[in-house]
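Please look over the sequence and the model shown here before reading on. The report is written to be read alongside them.

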Amino acid sequence: MATKTGEQLSDKVLELLNMEEQYAVGAFGSLPGFMVSGKGSTLVDVDGKELIDFICMFSATNLGHCHPKLVKAVTDSVQTSAYYLSN
């Protein structure tokens, strides 16, 4: 499990780190924090702390978190699409 020196981790973060260690594939190393939302370059963790996203992975690199045009495009698509599953 990841550890962090200095700042004490909350009970919620410790619980989530234990779950991550138990169930996650582990493609990325654990970070001692779990994000619940983001907007632009700012993330908010499970304890309500706002952090600047210096990692910027996947689409956040190009668009930021929760970009309004992307949110609208995804919302419009989901509201008008039908999903068909086949085996």
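The sections below go from the whole chain to its strands, then to one acidic residue, and finally to the helical part.

## Overall architecture

This is a predicted model, and every value given here is computed from it. The chain contains three helices and three strands, which follow one another along the sequence in the pattern α-β-β-β-α-α.

Of the 87 residues in the chain, 14% count as buried, and the accessible surface comes to about 7100 Å², with 58% of that area belonging to carbon and sulfur atoms. Among the contacts in the chain with a separation of 6 or more, 29% are accounted for by residues 24 or more positions apart.

## The three strands

Strand E2, residues 42-45, pairs with both of the other strands. With strand E1 (residues 35-39) the pairing is antiparallel and runs over four bridges, and with strand E3 (residues 50-52) it is again antiparallel, here over three bridges. Two of the facing positions can be named: methionine 35 stands opposite aspartate 45, while leucine 43 has leucine 51 in E3 as its bridge partner.

Each of these pairings is a hairpin with a glycine of positive phi. Between E1 and E2 there are two residues, and glycine 40 in that turn has a phi of about 65°; between E2 and E3 there are four residues, and glycine 48 takes a phi near 85°. The two faces of E2 also differ in their surroundings, since Leu43 and Asp45 make up the covered face, whereas Thr42 and Val44 make up the uncovered one.

## Aspartate 45, a buried acid

Which side chain of opposite charge is nearest to aspartate 45, and how far away is it? The nearest is that of lysine 49, at 4.5 Å, and aspartate 45, although buried, has no salt bridge. The reason lies in the cut-off, because a salt bridge requires the side-chain nitrogen to be within 4 Å of a carboxyl oxygen, and the distance to lysine 49 is 4.5 Å.

The side chain of aspartate 45 does, however, reach the backbone nitrogen of lysine 49, at 2.8 Å. When neighbours within four places in sequence are left aside, aspartate 45 is in contact with Phe34, Met35, Val36 and Leu51. Of these, Met35 is also the residue that stands opposite aspartate 45 in the strand pairing.

## The salt bridge in helix H3

How many salt bridges does the chain have? The count comes to one, formed by lysine 72 and aspartate 76, whose closest N and O atoms are 2.6 Å apart. Both residues lie in helix H3, where they are four residues apart, about one turn of the helix.

The two partners fall into separate accessibility classes: lysine 72 is exposed, with a relative accessible area of 52%, while aspartate 76, at 33%, counts as partly exposed.

## An unusual backbone angle at cysteine 66

Most residues other than glycine have a negative phi. Against that background, cysteine 66 deserves a look in the model, as its phi is positive, at about 60°, although it is not a glycine. Cysteine 66 lies in the loop between helix H2 (60-63) and helix H3 (68-80), and it is partly exposed, with a relative accessible area of 46%.

How values were computed: Residues are numbered from 1 along each chain as its sequence is written. This is a predicted model: local features need pLDDT of at least 70, side-chain atom pairs count only at pLDDT 80 or more; totals for chains, interfaces and linings use all residues. Side-chain values use heavy atoms; hydrogens and water are left out. Buried means under 20% relative accessible area, exposed over 50%, partly exposed in between (1.4 Å probe, protein chains only). Lys and Arg count as positive and Asp and Glu as negative; His and the chain ends are not counted. A polar contact is a pair of N or O atoms within 3.5 Å; within protein, one must be able to donate a hydrogen and the other to accept it, and residues adjacent in sequence count only if both atoms are side-chain atoms. Contact means heavy atoms within 4.5 Å. Accessible areas come from the Shrake-Rupley method with a 1.4 Å probe; for residues, only the protein chains shown count as cover. Two strands pair if DSSP finds at least two bridges between them.
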